[in-house]
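Reader: Hi! Could you walk me through the empty spaces and the surface of this protein?
Author: Happy to, let's have a look together.

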Amino acid sequence: MAIDGLTPKQIVEKLDQYIIGQEKAKKAVAVALRNRIRRIHLAEDIRDEVAPKNILMIGPTGSGKTEIARRLAKLVNAPFIKVEATKYTEVGYVGRDVESMIRDLMAVGYNNVKAEMEEQMKEASLPKVEEKLLDLLLPGSSEKDKKASAPEITPEGAIILPAHLPQEKIDEQKNDEAAASTREKFRAMLREGKLEDREVEVTVKRQPRGPSMEIIAGGSLDDLQNGMQDLQNMLMGKNTKKKTVTVREARKILQEETLDSMIDVDKVSDIAKERVEQSGIVFIDEIDKIATKNQNQSGSVSREGVQRDILPIVEGSKVNTKWGVVDTTHILFIAAGAFSMSAPSDLIPELQGRFPLRVELESLTKDEFKRILLEPKNALTKQYTALLATEGLKIEFTEDAIDRMSFLAEDVNSRSENIGARRLHTIMEKVLEDVSFTADEHAGETLAIDAKFVDEKLTGVVADVDLSRYIL
């Protein structure tokens with residue numbers, strides 16, 4: 001694993017590059033990830049006894065819960081999936097069952113391992129891809145090469161030397177030698193990149209339009225129809241089609257097919273299953289939306305059912321997937337929710353017990369907003385500067401402009417719905433709306449965005465509370 005050499009402190013430093021504040025949440029996640037590695041290094045007799053300590057993140061929208069999940073996905077070299085609790089339904093209702101999150105996680109693990117193996121075999125596949133490309137460019141030349149190199153043999157087993165061959169055989173061999181020579185010329189041109197835009201016809205597999213394994217387990221009617229159509233095409237031998245593409249595109253298609261044929265599918269499945277079971281991570285977002293504060297509330301039965309269905313998955317159960325049975329006992333689950341309309345205690349007690357670690361994320365202040373605008377690698381100011389630079393317009397944000405936008409974000413959040421850092425997206429877009437609209441007319445210019453500029457765009461909106469509820 002790439003994360004194997006990272007200490008919890010280093011993991012937090014990696015997250016700090018994109019997420020401002022929320023030290024408690026980042027610390028809890030870092031320890032949980034490090035414990036995954038520690039457990040793998042334990043003796044086998046004690047390893048199975050160490051269960052993951054699942055985490056429940058509690059905090060307002062825009063405070064960084066989902067961003068932590070997104071960055072974790074890129075940081076850890078382990079099967080990771082983020083799901084929404086609201087898209088699952090109780091068994092018996094139309095929709096996706098909770099076991100599908102494990103099937104999705106297994107699909108992620110399988111694809112990751114497959115991609116790693118393909119990268120390892122990429123170099124070995126290049127000669128095979130080259131030969132296939134030459135076969136497309138010069139149909140039949142490969143067979144003629146073999147014939148040209150083989151001596152003529154009579155039915156009795158005698159070898160006929162070229163001097164004793166009939167004239168038509170000699171002509172045929174000359175043609176074969178010419179074809180072989182042409183093939184080598186094309187090979188040289190191919191390696192020099194001179195044939196990249198030439199069109200060839202390749203046979204490709206039809207891509208399934210609908211899910212293959214989820215047709216019955218909670219898919220829509222369109223998914224079912226598409227899946228049945230794909231099944232019918234496969235049974236009737238219509239799972240391939242001809243396609244005219246450039247040599248550049250054909251190389252990618254042929255390389256995928258070649259790598260597929262070189263990879264041991266069973267080995268990939270076994271490695272992926274081991275990774276998912278031992279180091280898989282599932283991030284369940286919006287878990288507060290399935291909490292049932294009032295037992296008589298409409299739809300509460302279905303939401304309670306989803307909670308009950310999640311219980312065995314989190315506790316540890318066997319889930320059937322097309323790559324084998326997956327044991328969820330040691331998969332780490334991180335749940336998150338705003339809990340603005342409910343509380344963690346509104347979850348059924350059994351589910352609360354499955355998430356022993358609670359982390360509360362704090363509401364962001366103007367100081368955090370200022371850091372968010374300036375420090376992260378993907379800071380909004382950096383994004384807008386880069387976007388407008390493509391039009392030739394250079395924009396510079398002054399310190400008082402950053403201060404003003406940070407103050408306004410905190411102010412509007414305190415007077416209306418608190419949507420956290422997402423408020424900055426709204427404010428930045430409103431401030432730069434006219435600049436973005438006319439950027440092409442100001443190519444080569446430099447524009448300073450200061451506090452006065454921000455006030456001109458926003459003061460009227462912010463002053464009117466009712467208007468700010470709609471605009472900001």
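**Pockets, cavities and a charged patch**

Author: In this predicted model, 27 residues line the second largest pocket, and those nearest its centre are Gly62, Gly64, Glu67, Ala421 and His425.

Reader: Cool! Which elements give two or more residues to that lining?

Author: Those are helix H4 (65–75), helix H14 (380–389) and helix H16 (422–431). The largest share is from H4, with four residues.

Reader: And how much space lies in the second largest pocket?

Author: About 580 Å³.

Reader: What about cavities, how many of 30 Å³ or more are there?

Author: The count is two. The second largest cavity has a volume of about 30 Å³.

Reader: Which residues line the second largest cavity?

Author: Its lining is made up of Leu56, Ile287, Ala335, Pro344, Leu347, Leu351, Gln352, Phe355 and Arg358.

Reader: How does anyone find empty space like that?

Author: A probe the size of a water molecule is rolled over the atoms, and this shows where empty space is left.

Reader: Neat. Switching to the surface, which residues form the negative patch?

Author: That patch consists of Glu44, Asp45, Asp48 and Glu49.

Reader: Where is Asp48 found?

Author: Asp48 sits in the loop that runs between helix H3 (44–47) and strand E1 (55–58).

Reader: Thanks, that helps!

Key: Residues are numbered from 1 along each chain as its sequence is written. This is a predicted model: local features need pLDDT of at least 70, side-chain atom pairs count only at pLDDT 80 or more; totals for chains, interfaces and linings use all residues. Side-chain values use heavy atoms; hydrogens and water are left out. Patches are made of residues with over 30% relative accessible area and no salt bridge: like charges are joined within 9 Å, nonpolar side chains (Val, Leu, Ile, Met, Phe, Trp, Tyr) within 5 Å. Accessible areas come from the Shrake-Rupley method with a 1.4 Å probe; for residues, only the protein chains shown count as cover. A salt bridge is a side-chain nitrogen of Lys or Arg within 4 Å of a carboxyl oxygen of Asp or Glu. Lys and Arg count as positive and Asp and Glu as negative; His and the chain ends are not counted. The place of a charge is taken as NZ of Lys, CZ of Arg, CG of Asp or CD of Glu. On a 1 Å grid over the protein atoms alone, a cavity is a set of points where a 1.4 Å probe fits but cannot get out, and a pocket is an open set with protein on both sides within 12 Å along at least five of seven lines; lining residues have an atom within 4 Å of a point. Grid points are joined across faces, edges and corners, and a volume is the space filled by probe spheres set on the points.
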